[in-house]
Amino acid sequence: MSATTTQFGQLPALQLRAPDGAEATITLYGAHLVSWKTAPGVQAGQGAATGAAGAVGIQVPAPQERLFLSTQSALDGSRAIRGGVPVIFPQFAERGTGMRHGFARVSTWRVVDSGEQDGAAFAVLALSQADLAPALAGAWPHPFELALCVTLQAQSLAMQFEVRNTGTDAFPFSAALHTYYLVEDVEAVRIDGVQAETLAITDKLDQVFEGIAGNIVFDTGADKLALQQTGFRDAVVWNPGAADAAALSDMEDEEYRRFVCIEPALLTPQVLEPGGSWRGEHRVSVS
């Protein structure tokens with residue numbers, strides 16, 4: 001099966017597995033991608049098949065985790081999950097009068113489709129105004145539908161986020177996929193494609209880059225990831241540094257060294273007319 005129900009912490013979740021061994025886990029709480037593992041492969045220089053004798057000396061490593069998840073994160077639905085890929089809607093951070101980063105990441109979504117297509121495993125989760133808790137629905141009076149499609153295969157991940165206005169009045173919104181990438185050492189990270197020169201992280205960083213025109217190349221220090229985004233016009237790069245990490249109750253003091261957030265984002269609110277829709281896509285491939 002390419003998609004099976006499971007439990008992640010205390011949260012109902014969906015586990016995806018592609019035929020090549022790539023894996024992902026998505027909690028229904030927040031439609032939150034909490035784990036993405038690229039497919040295992042043969043390590044270079046470890047031998048080759050030898051006819052009837054079979055493979056000699058070939059080592060097949062386990063799937064490799066690509067996302068950071070804090071060891072201190074709540075996994076019971078009491079608060080937003082720290083790590084993985086939180087879905088940000090309809091507000092980014094404190095850029096508005098509503099809940100910080102919006103309500104999508106703390107609402108329970110529905111699985112509306114899942115399966116396998118062209119060798120890739122996929123799942124589609126949805127959220128509408130009718131799914132919101134009363135307090136959240138009262139704070140956001142605009143009928144809407146959200147859909148998040150997660151697709152994975154081999155060394156690649158794709159996330160497609162769609163917003164639809166199902167009401168009779170226009171509404172403004174912002175959106176982001178707040179991706180926490182797992183790294184061995186934040187100081188070894190290099191990022192190209194967000195500014196004219198290569199970006200290195202030597203201390204706390206929380207920077208917005210507007211008008212991303214091409215691919216972002218993310219050198220983790222161990223390998224390189226190509227990040228592509230459409231619909232999302234901007235990118236945010238974030239790491240709390242030592243001081244801010246120590247102040248976070250859902251993160252160990254030294255965990256800031258193990259991740260970098262590179263977020264495809266739509267920061268300037270876009271007005272969506274009645275019956276209108278918007279789509280943002282984010283694709284990641286490991287080279």
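**Close-up views: salt bridges, an open sheet and two cysteines**

**View 1. Arginine 257 pairs with glutamate 254.** Glutamate 254 is partly exposed at 49% relative accessibility (buried means under 20% relative accessible area, exposed over 50%, partly exposed in between; 1.4 Å probe, protein chains only). Its salt-bridge partner is arginine 257, with the closest N and O atoms 2.9 Å apart (a salt bridge is a side-chain nitrogen of Lys or Arg within 4 Å of a carboxyl oxygen of Asp or Glu). Arginine 257 is partly exposed too, at 33%. This is a predicted model: local features need pLDDT of at least 70, side-chain atom pairs count only at pLDDT 80 or more, and totals for chains, interfaces and linings use all residues. Residues are numbered from 1 along each chain as its sequence is written, and side-chain values use heavy atoms, with hydrogens and water left out.

**View 2. A salt bridge links strands 9 and 10.** Arginine 164 meets glutamate 145, the closest N and O atoms being 2.9 Å apart. Arginine 164 sits in strand 10 (residues 156-165) and glutamate 145 in strand 9 (residues 144-153), so the pair ties together parts 19 residues apart in sequence. Strands (E, at least two residues) are DSSP runs, numbered from the N terminus. Arginine 164 is partly exposed at 26%. Glutamate 145 is partly exposed at 32%. Both belong to a salt-bridge network with Glu162 and Arg279. The structure holds twelve salt bridges.

**View 3. Glutamate 23 pairs with arginine 17.** The closest N and O atoms of this salt bridge are 2.3 Å apart. Glutamate 23 is buried, at 16% relative accessible area. Arginine 17 is partly exposed, at 43%.

**View 4. Five strands form an open antiparallel sheet.** The strand order is 1-2-3-4-5. Two strands pair if DSSP finds at least two bridges between them. Strand 1 (3-8) and strand 5 (64-65) stand at the edges; each has a single partner strand, so one side of each lacks a neighbour in the sheet. Strand 2 (residues 11-17) runs antiparallel to strand 3 (residues 23-27), joined by five bridges. One bridge pairs alanine 13 with threonine 27 of strand 3.

**View 5. Two cysteines are buried.** Cysteine 149 counts as buried at 19% relative accessibility. Cysteine 261 is buried at 0%. A search of the whole structure finds zero disulfides (a disulfide is a pair of cysteine sulfur atoms within 2.5 Å).

Note on methods. Helix = DSSP H or I, 4+ residues; strand = E, 2+ residues; numbered from the N terminus.
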